[in-house]
Amino acid sequence: MSEVPMPKTLTGDEWVIEPRGEGVRAIARDVWQYRRLLRFFALRSFQKLYRRTVLGVAWLFIRPLFPLLVSTLVFGGVLGVAPGGQVPYFLFLAVGTSVWEFFASSLMWGTRSLELNRGMLSRIYIPRLILPIAMVAPALMTFVIHLGVIIVAFVYYRWTRGIWFFHPLQVGWAVQGFALAWLLSLGIALWTSVPALIARDVRFTLNYVLGFWLFLTPVVYSLDSVPAKYRWAFTLNPMTASVESFKIGLINLGSIDSRQLLTAWGVALFTLISGLLFFSRAERNAADKS
Amino acid sequence: MKSLVVENLGKRYRVGSKRPFDLWALRNVSFTVEPGTILGVIGPNGAGKTTLLKVLSRVTPPTEGRVVGRGRVVPLLALGAGFQQDLSGRDNIYLNAAMYGISAAEVEARLDDIVQFAGLDDFLDSSVKRYSSGMYLRLAFSVAINMRPDILLADEVLAVGDMEFQERCLERVQESGRAGMTVLFVSHDMDAITRLCDRVIWINAGQMMGIGPPEQIVSEYQASAWSTINRRRQTKKSGGHVCKAGEIVFVRLVSAKGKEVGAIKVEDPVWVHIGFRTTLPRLEVRAQIDVLARGALAFRSVMPASVPVDGPADGVAKVQIPAHLLSETTYTISTSLAFFEGDEAYTCELDNATAFHVYDSATGASARGTYRGQLRGAVSPKLEWDMEAHQPAAVLSEPGGAA
């Protein structure tokens with residue numbers, strides 16, 4: 001083949017395709033250009049929650065509420081776990097569960113985000129980063145429903161017990177705890193979503209990991225009830241900081257120190273940034289793997 | 001300024017899970033395209049045409065080399081790949097544009113053009129799952145072309161749809177081409193390629209075989225593509241072509257000039273050569289060919305009498321298929337040889353021994369003359385036609401006609 005003169009620098013509307021990736025910044029620019037797709041993929045994943053079901057939208061409510069009621073009966077009733085203070089167990093559990101469930105399902109949807117859109121990936125170019133970001137939607141939806149339940153519980157307990165458990169001045173803590181859970185789940189999903197295209201093992205393993213992780217996070221029990229000599233193990237778990245922050249923010253119940261909080265944010269940000277770097281390299285071959 | 005510069009492009013796939021090996025779907029592909037060019041991409045299945053378009057549309061990254069291009073690229077790869085069944089036509093227009101990274105405001109401005117070209121006025125707000133496949137196609141094409149791409153990547157898509165729509169698409173593509181749009185047009189429809197394209201590149205097994213004017217490249221491709229297939233078929237091991245008395249060694253298609261060919265013109269005769277070897281002395285040999293068009297037997301021809309062969313010997317049976325007999329399609333030939341030794345008979349058979357393509361170079365000399373439509377059937381023999389016409393006055397003078 002004859003040598004083709006290649007332009008040294010790109011001008012105006014020129015673009016270049018090379019074996020090497022264009023880096024995180026180019027990907028960010030792409031995501032911005034294609035941002036309208038975020039809404040589309042969010043809606044699409046959201047529909048997967050109840051499509052082809054008889055009960056339809058009712059599943060949105062059944063799925064989060066049913067486990068909550070069962071757990072309240074088992075842990076609060078049969079096993080008699082007490083959260084401390086006057087807080088009813090149901091409220092305690094609902095608050096912890098809301099942020100934990102958001103984390104867990106955001107991570108699962110994020111991990112599956114590429115796999116669920118496999119067909120599209122091999123046929124048309126879209127910035128793949130859009131998928132793990134957009135597919136947080138179903139988790140968000142569940143979270144909103146949990147919040148609704150918590151609000152109803154606040155009102156109910158105010159009415160029956162005369163106590164207003166909500167502490168509006170501390171709501172900033174809850175926002176912070178939620179943000180931590182979000183960034184951490186996205187960070188991990190950036191690591192898992194491309195491997196999940198090749199091997200379903202990733203998803204299966206993650207299911208087990210999340211099962212264990214829940215027990216290492218003070219959701220069904222309070223951190224105060226953990227013996228002091230095991231506490232250090234909990235401080236390594238960023239989700240402890242997230243759940244405790246969330247509980248402080250909504251029901252003023254929970255304990256956290258600044259070192260633990262900083263560690264958690266450090267872990268989350270490290271996961272997110274390294275995840276972005278990994279994803280930006282790995283996603284390029286996504287079409288060949290699907 | 002070039003519209004597209006492709007330099008030493010290569011794409012490697014790792015295939016096979018047990019014993020993986022490297023497969024270069026593209027290797028050392030270099031070409032440049034001027035703005036406004038309609039570039040045809042031809043080659044057999046698996047040659048790397050779609051891979052090329054996938055690399056250009058950024059679906060998959062190249063392994064080596066690079067591409068520099070100018071302006072907006074709109075891929076029309078899998079037509080309607082971005083369409084959502086449960087959304088309305090209108091929503092799908094916006095969605096489709098979003099998948100090309102195009103803003104809603106821009107779609108807004110072109111909505112009328114899109115709807116008008118697609119001819120969907122009444123169906124714009126009904127969900128696309130109610131659309132006929134033709135409407136689906138029209139919408140996808142209309143969205144893509146109205147996004148005013150600088151480079152349009154079309155994979156075989158313009159060849160589907162009804163004739164009228166195809167014509168409109170091709171017209172529109174040509175029009176946009178004159179306005180500076182570059183098109184990469186992948187197709188197996190050599191007729192459309194020669195009609196539409198300014199230049200053609202021919203890819204085979206990931207390598208560039210040629211680039212140039214459509215007529216030249218297409219005929220080179222057709223001549224070569226079919227003989228490649230022949231070779232592949234003949235290396236296939238199957239026991240049927242060997243029997244106790246001998247074997248079929250090769251089956252070739254030979255032109256009047258004595259050259260082995262893979263594609264022939266309808267107005268040229270062609271010879272089938274059946275090479276064989278005998279292992280027994282004093283045999284009578286008789287050859288036979290079956291000519292199949294699209295898998296169905298078009299005709300069978302048998303040597304009128306068997307020929308004595310004193311073996312062991314090598315021989316060739318030749319039969320001429322006359323000009324103006326075959327139609328414009330792909331034929332396969334199955335051959336068999338019968339060896340007679342006294343009362344004993346042995347046969348060896350080679351099914352699908354060779355395949356070849358018959359084409360019409362549209363000079364007017366063929367059976368179709370100036371007719372442009374499709375000739376149906378397994379054969380299109382050139383027959384003598386005649387027509388007579390009389391003045392209607394003859395009717396009036398018939399006896400009794402006026403009474």
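**Notes on the A–B contact and helix α8(A)**

1. Four bridges join strand β1 (residues 14-17) of chain A to β4(B), and the two run antiparallel; strands here are DSSP E runs of at least two residues, helices are H or I runs of at least four, both numbered from the N terminus, and strands pair if DSSP finds at least two bridges between them. Within this pairing, I17(A) sits opposite V67(B).

2. Before going on: this is a predicted model, with local features needing pLDDT of at least 70 and side-chain atom pairs counting only at pLDDT 80 or more, while totals for chains, interfaces and linings use all residues. Residues are numbered from 1 along each chain as its sequence is written, and chains are lettered from A in the order in which they are written.

3. Back to the contact (C-beta atoms, placed from the backbone, within 7 Å): chain B puts in 32 residues and chain A 26. On the B side, β1 (4-15), β2 (21-33), β4 (64-70) and α2 (89-99) each give at least two residues. The largest share, six residues, is from β4(B).

4. Now α8(A), residues 171-198. With 28 residues at 1.5 Å each (the expected span counts one less than the number of residues), α8(A) should span 40 Å, and its end C-alpha atoms are 41 Å apart, which agrees. There is a bend of about 35° at T192(A), with P195(A) following within four residues; the bend is the angle between axes fitted to the seven residues ending there and the seven starting there.

5. Finally, chain B has eight helices and 18 strands.

Key
Two residues are in contact if their C-beta atoms, placed from the backbone, lie within 7 Å.
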